[in-house]
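Trainee: I should like to go through this model with you and ask how each label is justified.

Mentor: Certainly; please put your questions in turn.

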Amino acid sequence: MLETFAPIREKIATGERLDFEDGVTLMESDDLLALGELADLARRQRGGGDEVFFIQNLYLNQTNVCRVKCKFCAFAKTQKQEDAYTLTADELAADAVAMYEHTKFTEIHCVNGENPHVDLEFYADVLRKLKAALPEVHLKFYTASEIHHMSKLEGCSHEEVLRVLKDAGLGSLPGGGAEIFADRVRKLIAPGKEHPDEWFDVHDTAHRMGIPTHCTLLYGHVETYEERVDHLLRLRAQQDETGGFLAFIPLAFHPENTVFERRGFKFTTGADDLKMIAVSRLLLDNIPNVKAYWIMMGMPMAQVALHFGANDVQGTVVREQIFQAAGATSGTEQKVGELVRFVQEAGRTPVQRDTLYNELRRW
Ligand code: V47
């Protein structure tokens, strides 16, 4: 198996870019240790050291009402469902301020349903109120899908929506909504979602306006290895153009309470999670950070992933709803001390960062 990797290793060593075929070769391999070793080599070759980043953050969701019926989602509700909610800006801000009293997080991460019953002002209002109440806190709000949804609601461009939100206090965009870009898969898992061109246009526009963003890939459902590689290469091409992606986060599909659970789909395995991290790091030579999202893979696997190309474990999180709704068992909050312990026991140096990867503290 190592022989199969020889040409790829040579490319990594000489800084040559990997191509589609290399990506598929890596995906098709079951030689996990070789994949991990290669990914760690690539990470170090491109300037990575022993630092592993995390952030003290708070997750908030303003509304779970969603017009799109994505088949992978267990979070979205229709307005009429009993457990549907839409919080006002005042409710959300009061909640965030109360939470800040006992944990001084530096970021709020907020992802929502595409609620057809509210307007752009609803979204801008919450940013303004949060910025006024917590001026030091970075607001990482609204996926590209939500931004596109707002532009459709208002009949205006992505740029106009982003301008309003930036003026209201928006700091960066989370990476959700990407799912898998391949048309075949998107039609199967998210037929009501915007075309990938729209997702890219939002990120392209944001980067050109100086708003950094994150990017994701949802794996472990009906996609092929080729479609995963195609997705990664599209992200890499965008980054070549605008350079505004701060980090990539592979998201493992959680089937509970989704259409796929009834069809017998299972959770991803540790081997696939590690392979996904490693191949992402190898192909995404221009995105500086790859997150091993502990909410998704659990702390023990996230710790191992640090030797497979990951250099970030996301954050304290505190309240997560999207993965919990779909069967995550990793809990919703991680204390700083625990993050530090896991990183140190992996032989790496824990660094608390802000959203833009400025160092705040190291252990
Ligand atoms: O787009 C939804 C995913 C995304 C499921 O930017 C699911 O740092 C697995 O944007 N199983 C939204 N995944 C979350 C998101 C995010 C998450 C973590 C980090 C960042 C970041 C952004 O969550 C959706 C979809 O791809 N998702 N349901 C599910 N059942």
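Trainee: Where does the ligand sit?

Mentor: This is a predicted model, and every statement rests on its computed coordinates. In it, the ligand sits in the largest cavity. The term applies because more than half of the ligand's atoms lie within 2 Å of the cavity's grid points.

Trainee: Which residues are the closest to the ligand, and how many surround it?

Mentor: The shell holds 23 residues, and the closest are Phe 72, Lys 140, Gly 175, Gly 177 and Glu 179. A residue is counted if one of its heavy atoms lies within 4 Å of the ligand.

Trainee: What makes the approach of Glu 179 to the ligand a polar contact?

Mentor: A polar side-chain atom of Glu 179 is 2.4 Å from a ligand oxygen atom. The cut-off for a pair of N or O atoms is 3.5 Å, so this pair qualifies.

Trainee: Which backbone atoms lie at such distances from the ligand?

Mentor: Among them is a polar backbone atom of Phe 72, 2.8 Å from a nitrogen atom of the ligand. Another is a backbone N or O atom of Gly 177, 2.7 Å from an oxygen atom of the ligand. Both pairs are within 3.5 Å, and therefore both are polar contacts. As for the ligand surface, 620 Å² is accessible when the ligand is on its own, and the protein covers 97% of that area.

Trainee: Which secondary-structure elements each supply at least two residues of the shell?

Mentor: They are β5 (213-219), β6 (245-252) and α14 (322-325). The most comes from β6, which gives three residues.

Trainee: How do you know that the count of disulfides is zero?

Mentor: A disulfide requires two cysteine sulfur atoms within 2.5 Å, and by this rule the count is zero. Take Cys 70: the nearest cysteine sulfur belongs to Cys 66 and is 6.3 Å away, so Cys 70 is in no disulfide. For Cys 215, the nearest cysteine sulfur is that of Cys 70, 19 Å away, and Cys 215 is likewise in no disulfide.

Trainee: Why is Cys 70 called buried?

Mentor: The relative accessibility of Cys 70 is 12%, and the label is given under 20%, so Cys 70 counts as buried. Cys 215 has a relative accessible area of 0% and is therefore buried by that limit too.

Trainee: What makes the phi of Val 317 worth a remark?

Mentor: Most residues other than glycine have a negative phi. Val 317, which is not a glycine, has a positive phi near 70°. Val 317 belongs to the loop between β8 (312-315) and α14, and its relative accessible area of 0% makes it buried.

Trainee: What is the phi of Tyr 357, and where is this residue found?

Mentor: Tyr 357 has a positive phi of about 70° although it is not a glycine. The residue is in the loop between β9 (349-353) and β10 (359-362). At 14% relative accessibility, under the 20% limit, Tyr 357 counts as buried.

Trainee: Why is Asp 19 called partly exposed, whereas Gly 347 is called exposed?

Mentor: Asp 19 has a relative accessibility of 34%, between the limits of 20% and 50%, so it is partly exposed. Gly 347 stands at 53%, over 50%, and is therefore exposed. Asp 19 lies in the loop between α1 (6-14) and α2 (20-28), and Gly 347 in the loop between α15 (336-345) and β9.

Trainee: How far apart in space are Asp 19 and Leu 283?

Mentor: Their C-alpha atoms are 7.7 Å apart, with the two positions 264 residues apart in sequence numbering. Leu 233, in helix α10 (residues 225-242), is 213 residues from Phe 20 along the chain, and their C-alpha atoms are separated by 7.6 Å. Gly 347 and His 214 are 133 residues apart along the chain, and 27 Å separates their C-alpha atoms.

Terms used: Residues are numbered from 1 along each chain as its sequence is written. This is a predicted model: local features need pLDDT of at least 70, side-chain atom pairs count only at pLDDT 80 or more; totals for chains, interfaces and linings use all residues. Side-chain values use heavy atoms; hydrogens and water are left out. Buried means under 20% relative accessible area, exposed over 50%, partly exposed in between (1.4 Å probe, protein chains only). A polar contact is a pair of N or O atoms within 3.5 Å; within protein, one must be able to donate a hydrogen and the other to accept it, and residues adjacent in sequence count only if both atoms are side-chain atoms. Accessible areas come from the Shrake-Rupley method with a 1.4 Å probe; for residues, only the protein chains shown count as cover. On a 1 Å grid over the protein atoms alone, a cavity is a set of points where a 1.4 Å probe fits but cannot get out, and a pocket is an open set with protein on both sides within 12 Å along at least five of seven lines; lining residues have an atom within 4 Å of a point. Helices (H or I, at least four residues) and strands (E, at least two) are DSSP runs, numbered from the N terminus.
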